[in-house]
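Please open the model in your viewer and keep the sequence panel visible beside it. The tour goes from one selection to the next, with a pause at each stop to look around.

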Amino acid sequence: MHRYIPIILYFVSLLLILGCENTYYDDYTKMEVQQLDKDLENRWSTSGVIVKNVTQNGPANKADLLEGELISYIIGEYPINSSADFKRAIKKAIAKDNNLLLYIKEKPPIRIAIRQMGDKVGIEVDDKNTVQIKHIIPGTPASNNPDIKVGDIIDKIEDERKIFSLSDYKDSITEFAKMNTEVKFRTSELIGVKIASITALGNLGDARAVNPLIDILENNPELSLRKSAVKSLEKLVILSGLNPLFTIYREQNVNQLPVDSLDLKLRESAEILGLIMIDPIAKTATLEAPFGIQFRRRSDQLYKQVNDGELVEVAEKHIQLSTEPDQEIRRACLSIIGILKPETSIQPLINVLIDNNEIPGIRFQAGLGLSRIGNPSVDSLILVYHEADDAGKDIIVSSLGTIGGQIARDFLIKTLESTDDPAIQLTLVDAIAKIGDRPSLIALERQRDRFQEDDSAIRIFLDEVFNSLSLHNTNETPN
């Protein structure tokens, strides 16, 4: 298999170098760029323009751009010397992709993203001496970032333009040239080759892959690589959960075991992942070659590496909308936390759950993570219930019903008896019914008496609950 790799790379390089004849000479940077070949454009997460010729001593030459490089971003730098500069730079920077890089004196750059055009970044400035932040508007992206403070001095704003085509390059460079803006370039190799390597790291199930993947997620500027890295980390976390199963194979030093000697859930997961093969007639579970057999040796080290704390800390950081603008990465990190179930993640998950700027699906996934952590989450869920919006309350109630236990049950019953909101009442009834112990059923029976109207949605739902529990059929009457 390895001997074909140079041929593939040669073929891909040939496509890049030959490309098509659609070229453009950029007088602003003194270089000629070329449209990416149609066979590569927008495939393997690859986009941009190719550097064809660089004029000696021109700006592109001084920026060390080389023939054959793929320009994936043009970055315009707006110096901020007045409030007018700031307003103009903000407007320009968010016009294309709803995000910008804010440079504050003596602080690292801060990425700010708005959800849609027309939303406010949330910073007001004055320029008496230097351009300082005088007010941060509550409920905006700026207010959600603890690194942005009133009194901070703004140095500059960077506008990153993702380049998908030669037309994008022309438009961006022309606009920056009109403003006499200093530009920088971000170049990349064929992203598809890197993505394939990152995916392979996840599939190998090797503990040594964890730190390199974390490094890509944390430090690589290319979004497609970061997405691939977090998906591979998620895969490694899933694989690490199979360690108890593979410990049995390892301790017995065998590649085959009776099906009945293995945990059903772990066995099914390993089969889906192609690690073991089940023979229903012989009732055996055999490690698949080569990966299953290799993973028998690797699983313990992977489990230790995944659970040493660093990955959880990284995941907790990247579930927050204020620090991670990409929702796919946030979802994957929530999945990682939901699998590992660390108690340290309770507060970060609560923060996501009650963030009404977050999309509903991610808030729900945060609640799911808390329910998987279980009883340690109960007090925190109860504590934030009254400060949450309606959607947050709904998720909190559902999570408490899934967790169960006396504290959760008593809170849900008390809340049901005191609330008049029909929407949350339905969720409360469902959560209490999910717990289903005798005090829960007694409380629900009281609620049936409270809602006497035949057309009451709560009464209808309660009737369905009791019918499903067959209380009427057994003539059991709560005392």
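Because this is a predicted model, please read what follows as a description of a prediction. Begin by selecting Leu-236, Val-237, Leu-239 and Ser-240 in helix H7, which meet Phe-291, Phe-295, Leu-302, Tyr-303 and Val-306 in helix H10. Sorted by class, this contact of H7 with H10 has eight nonpolar residues and one polar residue, with no charged residues.

Now widen the selection to the whole of H7, residues 223-240, and the whole of H10, residues 291-306, whose axes lie 8 Å apart and pack at an angle of about 100 degrees. Angles from 65 to 115 degrees count as roughly perpendicular, and therefore H7 is roughly perpendicular to H10.

Next, select helix H12, residues 327-340, where 14 residues at 1.5 Å a residue should span 20 Å, and the end C-alpha atoms are indeed 20 Å apart, which agrees. How many of the 14 residues of H12 are buried? The number is 10, so H12 is largely enclosed by the rest of the structure. Among the buried residues to colour are Ile-329, Arg-330, Cys-333, Ile-336, Gly-338 and Leu-340. If you then show what covers the buried residues of H12, you will find that it includes H6, H7, H10, H11, H13 and H14.

Finally, visit the two ends of H12. At its start, a side-chain oxygen of Asp-326 reaches to within 3.1 Å of the backbone nitrogen of Glu-328, while just after H12, Lys-341 takes a positive phi of about 55 degrees.

Definitions and conventions. Residues numbered from 1 in each chain as written. Predicted model: local features only at pLDDT ≥ 70, side-chain atom pairs only at ≥ 80, totals over all residues. Heavy atoms only, no water. Axes fitted to C-alpha atoms, helices over the stretch in contact; angles between N-to-C directions. Helix = DSSP H or I, 4+ residues; strand = E, 2+ residues; numbered from the N terminus. Parallel < 35°, antiparallel > 145°, perpendicular 65-115°, else oblique. Contact = heavy atoms within 4.5 Å. Nonpolar A, V, L, I, M, F, W, Y, C, P; charged D, E, K, R; others polar. Expected span 1.5 Å × (residues − 1). Buried < 20%, exposed > 50% of the residue type's maximum accessible area, 1.4 Å probe, protein only. Polar contact = N/O pair within 3.5 Å; in protein donor to acceptor, adjacent residues only side chain to side chain.
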